[in-house]
Each structure stands twice: as structure tokens, then as C-alpha cells.
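Please work through the following exercises with the sequence and the structure at hand. Attempt each task before reading its solution.

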Amino acid sequence: MLTYIVRRLLQLFIVLFGVSIITFVMLYVIPGDPARMLAGKNATEEKIQEIRVQKGLDKPIYIQYGKWLGGVLQGDLGESYYLQQSVGSMIVENAPNTIQLALAAVLIELLGVPLGIYSALRQYSFWDTTLTTAALIVWGIPVFVLGVFMQWFFGLKLDQWLGVDIFPLTGAGDNVLWVIPASWESLMSLVLPAVTLGVIEVAYISYMQRASMLEVIRSDYIRTARAKGLSERVVVGKHALKNAVIPVMTIAGIDLGALLGGAILTETVFARPGIGLMIYEAIGRRDAPVIAGGVLFATVVYVFANLFVDLGYAAVDPRIRLEE
Amino acid sequence: MASDEHDRGREPVTGLTEVEGAAAGAAVAAAPAAAPKVLSPWSDTWRRLKKNKLALIGLGIIAVFIVVGIVQVIAYPLTDGRGLTPYDPNAENYSLSPTGHGSSPSLSHPMGTDYLGRDILSRALVATRISLLVGVIAVAIGLIIGLILGPISGYYGGFVDTVIMRLADIFFAYPYILFVLLIMTVLGPGFVNVFLAIGILGWASFARIVRGQVLSVKSMEYVEAARAQGASDLRIIFRHVLPNSMAPVYVTIAMSVGGAIVTEAAMSFLGIGVQPPNASWGKMISDYLNYLFAGSWWMVLFPSVLLTVTVFGFISFGNGLRDATDPRLKE
């Protein structure tokens, strides 16, 4: 187990190393001179050169990368070109909104578990067909499309009909707490983006849960359990359920990791402050330190979520031998 | 299909599905001379696929999408960018948008017109071209790289394998939308760059799948036989190993095409994909967004529906194909 974790951590650092290098190279070759942009339109050549030297942009790329990496290893992600703020504090500021959105979305998507199990237990029934068809259609809706229509219907139309403003169209309200919304307003502004992300994932999760449950209830040990004369309730509830849910939980865990790194499209559609919007806006401004730090943060969260999911899988399923 | 073939190769009744095998077994007991009908992997897959109505609906949607897309791809250069559409997709007609908010769906304009009086249906039709091209080209780029690196990785193993697979890990871990956004920022907006951006990312999943397949078939007897006959590595990989490893690749192609279409739409929605006057479904959604909130729902609804239906087609068919080629799901 320990060897496995060490090996995985090593691989993980190679991955993070690779991701940051790719990011750096891309930022380096993006057309445009950051020093010139920073200096403003009417800056003199001397001023531009001064900024270039001050930000270390006159050095070759590997020196810049080395300096950045050295900072990262000491917990310093650098400073935004434009916002007079450290990238670390920007992430800390934006993280609560993203954490709330990710947790809420994953909680919603777990509704797919009972739906998928129900479908599987009544395979080829009317409800199974309906649910499976609906799942595939919803799975096919691009997240920004669903976001736009949620905004239009629940943010605008509903308010017009009822005459009260329930769900804000955009924003995240005032958030100071970490994992729960700090105010009624921030709770209400969480609903639409979370449901947007959640509903699409419910579709995916229920489809996967159905497939996983179908595979399990056809397996030999379930046949044995039935042959022993156990009631259907015990067979399904006690024997089949556990094994059928594990693979789906890994999907949910990986989703959580991906969403904690920022849901760019959803956060953009709802203009909801968060890690995703932070990086998106930084790309628009060519704010290289924020982009590099943001990408690294998102990747770290994602790869560690993957690692925890794998370790969790091995912990609950003794058939998995991590050492292979 | 490939794995089915081999699994069945080790069964006593060669080349038969279990059901038919049992039936044939019964028949053999009665009349030993009865020759069992051998199903090819393709016809076996098709036999299982056509029982899955959702997959067939998906296949139908894909067929319509491809036909419409090809027509537009061919018509585009011949008609100077107009495409084969009921109205000129770029012709502005203010009488059809008297208040500047377009006109709602009618018999002559079933999807309505936009704020410039342009026909939505015509614009949506020419936009099919972009979606088809992105689906084909972007996935082809990823597929070609994956089909080169995957077999090399699986067949040779060792150091080469480690390098290629670690590289794949890096591409897998990179946040997808961020990567595409950054590549688009490097390359600049435009739909050809969208193809490249999506394509560059796509190789890792194909490489991984093919590598896994190659690993599972490379110690098979027929590969050893080929090697014993003096076949070269290249010949073994591309003539013997690869053709028998393609089933999961086809599934991934179907899913990736759907994914590429959505990604292009997302990039165009964010304004860095397709540039005017080219129409793409994502671009239409983003262009008409303000009009949706002002009450002109048809401008956004129809491109959204077309996008969703198309992606549904690929997902539905892809899932069906996976089930039909999965030996574990055989009855």
C-alpha cells in the first residue's frame, strides 16, 4: 500500500511538472508582449523595458520557469500583472464560491444513484426506458446551453410571472464562509448554477449506475444469494447495492475533483465569481501568473481527487490490489 | 468485436454466440451433419445493436447530420458561402425584423428570423458544416496520433511505453476546457484552430485504449504465428494487432465526435471559436443571447436543440455500440 502511494505521488509530481511546463510554454508563445500591455498605450520604450526587467520578462523561458517553480515550491504563486494581488490570495478569495458550487452539484448528481438502481431493477419496463432515454438526452445538453435556459426560465421568466425575484441571474452573493453559503442571497444564487451542473451529471450518473447495477445483479454471487433463498430485498439491498455503487462513487469523486478546480463554462454563463471565472478572465487579460497558478491549482485538486478515489476504491473493494 | 472473436475462439462451438451455440448443440445431438452458421464479428455486433432502439435512433440522427453536413460542406464553396439553404443565411432583411427583435417562427420561416431578419433555419443549416468538420477533423487528428503512439507504447513496452503513457497522463490531468482555451489564445480565434486545439488533446484517450488492446492481444497465438513467419513489427502491429483491437476505438470515436462538437460550440459561445460571418450553433447561441432575455426565444432555442439532438445521437449510438461489442453483456 505504502509503495503504491509513494509511486503514485511520484507519478503525480511528474504530471504536475508536465502540466506546468505546457502551461508555461503556451503562455510564452501567446502573441503579444506582456510588458507592453502592462505599460499601457502611451508608455515609452524605456518604461516598457523597465517593466520587462522588473517582472523578469527579459530572461529566457527556462529561467522564468525556474523562478516560478522555485516560488511555487515555497508556496508563492506569484503576483497578478494587473490586480496588485498575489495569485495565492486570489485563489483563496475565489475558492469558497467554487467549493460551494462543486459540493452542491455533486450532491445533486448523487440523485442519479437511486434513479439508476431503480432503472436496473426494472430493466425494459416503461420507467426504465423513459429514464434511460431522458438520461441520454440530458447528458447531451451542453452545460452552457442548459445554463442559459435555466437563467432565462428560472432567473427571468419565473420572476416575471410571480412578481418576485427568487433566483438572481448572475453573481454569487457575499460569500465569506467556506463550504456553506453565507447569506440567503448567496444560497439563492447557488441554486441555478448548481442545478445546471448537477442535472447533467444526474443523467450521466444514473446511466452509469444502471449499467453497473445490471452487471452486478447478473453476477454469480447474486445468483448464489438468490439460490440460497434470500429475499429479493436482502439480495439487492445487502449484496448487490454495495458493489454496484462503488464504481459510480468513483465517478462522483472524480467529478468533485474536476469541479473544485473551477467550472469555467458554468461560472462564465452565470458570471459567478470562482476559480473558473478567475482563470477565464485572466486568459482574456493575458495575466500569465494568474493563469499559470490557476491551472496548477485546478490540476492539483483534480489529480489528488483521483488519487483519493483510487485509494478509497481499494479500501472498500478488497478485490482491487493496488500494488499490481 | 475483436475480443468477442477471440473469446469465442476458445469456446467448443467456434464462431457462435452462446444462444446459437446451445441451439446448434441441440441440433448436433439430433443431426450431427448440421453445419452451424458462422457470424462475422460485424454482423454479430449489428444483430445486437439493432435490438437497442436508442442506439438506432442515435444512428439515424448521425446519418441525417452527416448527410446535411456533407451537403453544406460541398455547397459552401460552390455557392460562395451561402450553402444549400432555403434563404441566404447572411441576407439581412429588416422587414422581417421590424422591431429589431426578429420575427417568431412562421410557415415561411419555421425557426423564425434573427434581429437582422436573417432566416434562423438557413443559418442553422450552414452551421452544420462547422460541426461536421470539427467532429471529423478534430477527432481524426487525435485518432491518428493515438493510433501511432498507442500501438508503439503497447507493443514495445519498456521505456518508450513509460514516456508515452506519462505524456498521456499529463494530457489527461490538464483541465480540458482550460487547455482548449489556452491553445485558442495561442493560435488565435478561428474554426481551423478549434479543430487543432481539440485534436491535440484527443490523442491521449485513443493511445491509452489502443495500448490496452494491444497488450491484451499481443501474446495471442496468431500474433506469435505471424512473428514466427518472419513478419516485421510494423506488419504485425498494423496488419494483425490493430484490426483486432478496434472495437473500443470505434466507441470512443463516436463519443469524441459528440464531445468535439460540444467543445467547438462552447468555444464559439465564448467568442473565440468561429468568427463572423461564419455561423456555428455555439456562435448563434452566444450572438442571440441578449435577444433571448428580451423575449425572442426562437433565436437561441433552435440552435440549442440542434446541438443537443446531434450530441445525443453520438452519445446514444456510442453507448449502444459499447454494449453491443462488450462480451460481458452477452445474453
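Three exercises with solutions follow, after a note on conventions.

This is a predicted model, in which local features need pLDDT of at least 70 and side-chain atom pairs count only at pLDDT 80 or more, while totals for chains, interfaces and linings use all residues. Residues are numbered from 1 along each chain as its sequence is written, and chains are lettered from A, with ligands numbered from 1, in the order in which they are written.

**Exercise 1.** Determine how many helices and strands chain A has.

*Solution.* Begin with the terms: helices (H or I, at least four residues) and strands (E, at least two) are DSSP runs, numbered from the N terminus. Counting these runs in chain A yields 14 helices and 0 strands. Turning to chain B, one finds 14 helices and 0 strands.

**Exercise 2.** State what percentage of each chain is buried.

*Solution.* A residue is buried if 20 or more other C-beta atoms, placed from the backbone, lie within 10 Å of its own. Of the 324 residues in chain A, 42% are buried. In chain B, with 331 residues, the share of buried residues is 48%.

**Exercise 3.** Describe the side of chain A that touches chain B.

*Solution.* Two residues are in contact if their C-beta atoms, placed from the backbone, lie within 7 Å. First, 34 residues of chain A and 32 residues of chain B take part. Next, the elements of chain A giving two or more residues include α7 (126-140) and α8 (143-162). The most come from α1(A), which gives 8 residues.

Note on methods: A residue is buried if 20 or more other C-beta atoms lie within 10 Å of its own, exposed if 12 or fewer, and partly exposed in between; C-beta atoms are placed from the backbone.
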